[in-house]
Amino acid sequence: NYFPRLTHVRPWKRIKYKPSNTNMFKAKILVVGPCEAGKTWISNFLAEATESTSGDYHPTQGVRILEFESEGENPSTGKAFKAEIELWDCSGDQKFENCWPALAKDINGVLLVYSPDNAQKEKELERWYNYFVTQQALKDSQCLIFGHFKPGIPRTETLPPSSKRLTAVHHVFTSLEDDPESVRDEFNMFLTTILTNYRDSQDREELQIVGSK
């Protein structure tokens with residue numbers, strides 16, 4: 001049996017916020033998908049990890065957990081929030097599949113990453129989506145798909161997955177070489193959606209508790 005190897009990386013981003021109008025909470029985001037899709041490249045970039053990543057492929061053993069801070073604003077209330085993000089960079093190797101229940105525990109969102117030139121991408125994406133989104137009762141808005149072109153691989157015209165299960169999920173073709181900031185912008189919008197939904201859910205629960213007293 002294989003068990004997840006946990007590696008923590010803590011690159012902290014300096015952000016400005018107003019303490020008097022800010023709510024702090026945590027979010028756990030999984031980065032999953034087939035092997036050699038570029039999950040670690042993307043995770044390091046999004047978390048602004050200080051460790052360097054060479055061009056050589058080094059498969060993730062189990063999972064790497066990157067922790068960082070982010071901020072946003074709830075569009076419905078105008079309240080600012082600050083969040084501690086755990087980005088779980090998960091191995092795509094099937095030998096770690098028995099660890100999936102542990103990885104999926106208490107997740108708030110899923111980032112699916114695949115390589116557009118992978119001939120089996122649709123079948124593999126459905127497998128990851130079914131377990132980490134459908135079986136965990138997440139909404140499609142809590143999932144984001146990156147069709148990622150890794151460094152050194154030319155960006156070619158290709159179509160996103162056509163599976164009915166996946167068409168409802170926001171899909172973006174990404175490249176850290178050609179347009180890195182669009183990768184960050186898409187993730188930040190995804191993160192804001194997750195954190196806003198989470199904050200709204202907490203507010204509803206608090207109102208129910210007050211109403212029941």
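**Exercise 1. How many salt bridges does the count come to?**

*Solution.* Keep in mind that you're working with a predicted model.

Step 1: Start with the basic idea: side chains of opposite charge can pair when their charged atoms come close.

Step 2: Pick the cut-off. A side-chain nitrogen of Lys or Arg has to be within 4 Å of a carboxyl oxygen of Asp or Glu.

Step 3: Apply that rule, and the count comes to six salt bridges.

**Exercise 2. Work out which salt-bridge network Arg-184 belongs to, and where its members lie**.

*Solution.* Step 1: Look at Arg-184 and Glu-48. Their side chains meet in a salt bridge, with an N to O distance of 3.7 Å.

Step 2: Find both residues along the chain. Arg-184 belongs to helix H5 (residues 180-212), while Glu-48 is in the loop between helix H1 (39-47) and strand S3 (63-73). That's 136 residues apart, so to speak a link between distant parts of the chain.

Step 3: Now try Glu-181. Arg-184 forms a salt bridge with this residue too, and the closest N and O atoms are 3.7 Å apart. Here both partners lie in helix H5, three residues apart, or about one turn of the helix.

Step 4: Put it together: Glu-48, Glu-181 and Arg-184 are linked in a network of salt bridges.

**Exercise 3. Sort Arg-184, Glu-48 and Glu-181: which are buried, and which are partly exposed?**

*Solution.* Step 1: You need the cut-offs: buried is under 20% relative accessible area, exposed is over 50%, and partly exposed is in between.

Step 2: Arg-184 has a relative accessible area of 15%, so this residue is buried.

Step 3: Glu-48 comes out at 39%, so it's partly exposed. Glu-181, at 43%, is partly exposed as well.

**Exercise 4. Describe the salt bridge between Arg-127 and Glu-97, then look for a ring under the arginine's charged end**.

*Solution.* Step 1: Check the distance. The closest N and O atoms of Arg-127 and Glu-97 are 2.8 Å apart, and the two form a salt bridge.

Step 2: Place the partners. Arg-127 is in helix H3 (residues 121-134) and Glu-97 is in the loop between strand S4 (80-90) and helix H2 (100-104), so the bridge ties together parts that are 30 residues apart in sequence.

Step 3: Check accessibility. Arg-127 is partly exposed at 27%, and Glu-97 is partly exposed at 35%.

Step 4: Look for the ring. The charged end of Arg-127 sits over the ring of Trp-128, 5.8 Å from the ring centre. Lys-28 has its charged end over a ring as well, that of Trp-88, 3.9 Å from the centre.

**Exercise 5. How many aromatic pairs does a search of the whole structure find, and how are the rings of Trp-100 and Tyr-131 arranged?**

*Solution.* Step 1: The search finds seven aromatic pairs.

Step 2: For Trp-100 and Tyr-131, the ring centres are 5.2 Å apart and the planes meet at 50 degrees, so you call the pair tilted. Trp-100 is in helix H2 and Tyr-131 in helix H3, so parts 31 residues apart in sequence are tied together.

Step 3: Trp-100 also pairs with Phe-132. Their centres are 5.0 Å apart and their planes are at 50 degrees, so this pair is tilted too. Phe-132 is in helix H3, 32 residues from Trp-100 in helix H2.

Step 4: Check burial. Trp-100 is buried at 4% relative accessibility, Tyr-131 is buried at 17%, and Phe-132 is buried at 0%.

Step 5: Finish with the group: Trp-100, Trp-128, Tyr-131 and Phe-132 form one aromatic cluster.

Methods
Residues numbered from 1 in each chain as written. Predicted model: local features only at pLDDT ≥ 70, side-chain atom pairs only at ≥ 80, totals over all residues. Heavy atoms only, no water. Helix = DSSP H or I, 4+ residues; strand = E, 2+ residues; numbered from the N terminus. Buried < 20%, exposed > 50% of the residue type's maximum accessible area, 1.4 Å probe, protein only. Phe/Tyr/Trp six-rings, centres within 6.5 Å; stacked < 30°, edge-to-face > 60°. Lys NZ or Arg CZ within 6 Å of the ring centre and 35° of its normal.
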